[in-house]
Amino acid sequence: MRRLVDDTGRAVDLPETVGRVVSLVPSLTESVAATAPGLLVGATDWCTHPADLDVERIKGTKNPDVARVVALAPDVVVANAEENREADLEALRSAGLAVWVTDVRTVDGAFTSLARMINACGLTRPAWIDEAASAWAAARPVEPRRQAVVPIWRRPWMAVGSDTFTGAVLERLGVDNVLAGDAERYPKIALDRLPPVDLVVLPDEPYRFTADDGPEAFPGVPCALVSGRHLTWYGPSLAEAPTVLLAQLTQLTSPA
């Protein structure tokens with residue numbers, strides 16, 4: 001057995017050889033699948049990449065079917081401190097499973113966290129992590145910098161707040177989140193009480209904002225419709241994220 005410490009500081013006992021992994025997070029599912037096809041035996045209903053992933057589905061990130069996960073007998077379950085509920089993770093631990101929890105708040109931190117997670121799965125550091133790091137090192141932010149709000153839901157309206165991976169991604173690309181100093185990471189917002197902004201960033205997940213659903217709520221402010229996967233996922237998509245997002249951040253939609 002190996003005893004390693006995950007991103008939350010918790011010691012996790014792991015077998016020397018890992019042959020079965022269940023992932024509770026879409027970006028971690030993609031990361032493991034890209035590194036070792038066939039290692040995954042279970043993933044959430046929200047795990048859409050790779051498109052041909054053929055594994056047991058164990059419901060969602062917030063409501064995994066604990067009994068089904070246990071029945072799959074994984075050597076390790078990979079999870080995330082933000083995406084998954086501690087009560088579910090503790091239930092898996094109580095059932096005798098090894099649970100590795102990631103905690104990603106910055107772009108560079110993502111590379112470190114992903115390499116540690118991959119190592120926990122008994123794998124060597126994949127080339128795609130270094131390719132992603134190189135892509136971000138070469139990325140040049142938009143000029144001039146933009147002051148933006150980043151809604152993630154409506155009914156009620158919610159937005160990206162403080163200490164988030166999403167905010168860190170945008171900051172690296174020249175877009176400053178005006179709610180970065182909020183007390184909450186994902187606060188509910190009143191649109192008539194927002195600080196001044198010169199850009200609204202509208203991702204297509206978790207809420208699917210479109211040209212017809214979102215921009216009309218921000219009259220007079222340019223809106224950028226962006227890929228939620230490239231904005232919020234930490235995994236192989238990080239390699240293309242700077243190119244994809246910079247293009248989308250400069251293709252602005254003006255509300256009618």
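## A walk through two sheets and a pocket

Let's start with one pair of residues: P203 has V226 as its bridge partner in strand 13. That pair belongs to a longer match, because strand 12 (residues 199-203) and strand 13 (residues 223-226) are defined as paired from their bridges. There are 4 bridges here, and the two strands run in the parallel sense. Keep in mind as you look around that this is a predicted model.

Now zoom out from that pair. Strands 12 and 13 sit in an open sheet of 5 strands, ordered 11-8-12-13-14, and the pairing in this sheet is mixed. What stands at the edges? Strand 11 (175-177) and strand 14 (252-253) do, and each has a single partner strand, so one side of each is left without a neighbour in the sheet. Helix 8 (residues 241-249) lies across strands 11, 12, 13 and 14. If you compare directions, helix 8 runs at about 150° to strand 13.

There's a second open sheet to find. It also has 5 strands, in the order 5-4-3-6-7, but here the pairing is parallel. Strand 5 (56-57) and strand 7 (99-102) are the edge strands, each pairing on one side only. Look at strand 7 and its partner, strand 6 (residues 76-80): 4 bridges hold this parallel pair together on the map. One of the matches is V77 with V99, the latter in strand 7.

Two helices pack on this sheet. Helix 1 (residues 26-35) touches strand 3 (21-23), strand 4 (40-43), strand 6 and strand 7, and its direction makes about 165° with that of strand 4. Helix 3 (residues 86-94) touches strand 6 and strand 7, making about 155° with the direction of strand 7.

Back at the start of the chain, strand 1 (residues 2-5) and strand 2 (residues 11-14) run antiparallel and are joined by 4 bridges. Here V5 stands opposite A11 in strand 2. The two strands make a hairpin with 5 residues between them, and in it G9 takes a positive phi near 90°.

A few loops have backbone details to look for. K59 has a positive phi too, near 75°, although K59 is a residue other than glycine; you'll find K59 in the loop between strand 5 and helix 2 (66-71). Then there are cis peptide bonds. One joins H49 and P50, with omega about 0°, and P50 is in the loop between strand 4 and strand 5. Another joins E205 and P206, with omega about 5°, and P206 lies in the loop between strand 12 and strand 13.

Those last two residues lead us to the largest pocket. Which residues lie nearest its centre? They are E83, E205, P206, T232 and W233, out of 32 that line the pocket. Helix 1, strand 9 (151-153), helix 6 (165-172) and helix 7 (228-232) are the elements that give two or more residues to the lining. The volume of this pocket is about 1000 Å³. As for the kinds of residue in the lining, 13 are nonpolar, 10 are polar and 9 are charged.

Finally, step back to the whole protein chain, which has 8 helices and 14 strands. Its radius of gyration is 19 Å, close to the 18 Å that the globule rule gives for 256 residues, so the chain is as compact as a globular protein of that length. Along its principal axes, the C-alpha trace spans about 60 × 35 × 35 Å.

Key: Residues numbered from 1 in each chain as written. Predicted model: local features only at pLDDT ≥ 70, side-chain atom pairs only at ≥ 80, totals over all residues. Heavy atoms only, no water. Contact = heavy atoms within 4.5 Å. Axes fitted to C-alpha atoms, helices over the stretch in contact; angles between N-to-C directions. 1 Å grid on protein atoms, 1.4 Å probe; cavity = no way out; pocket = protein on both sides within 12 Å on 5 of 7 lines; lining within 4 Å. Points joined across faces, edges and corners; volume = space filled by probe spheres on them. Nonpolar A, V, L, I, M, F, W, Y, C, P; charged D, E, K, R; others polar. Rg over C-alpha atoms; globule rule 2.2 N^0.38 Å.
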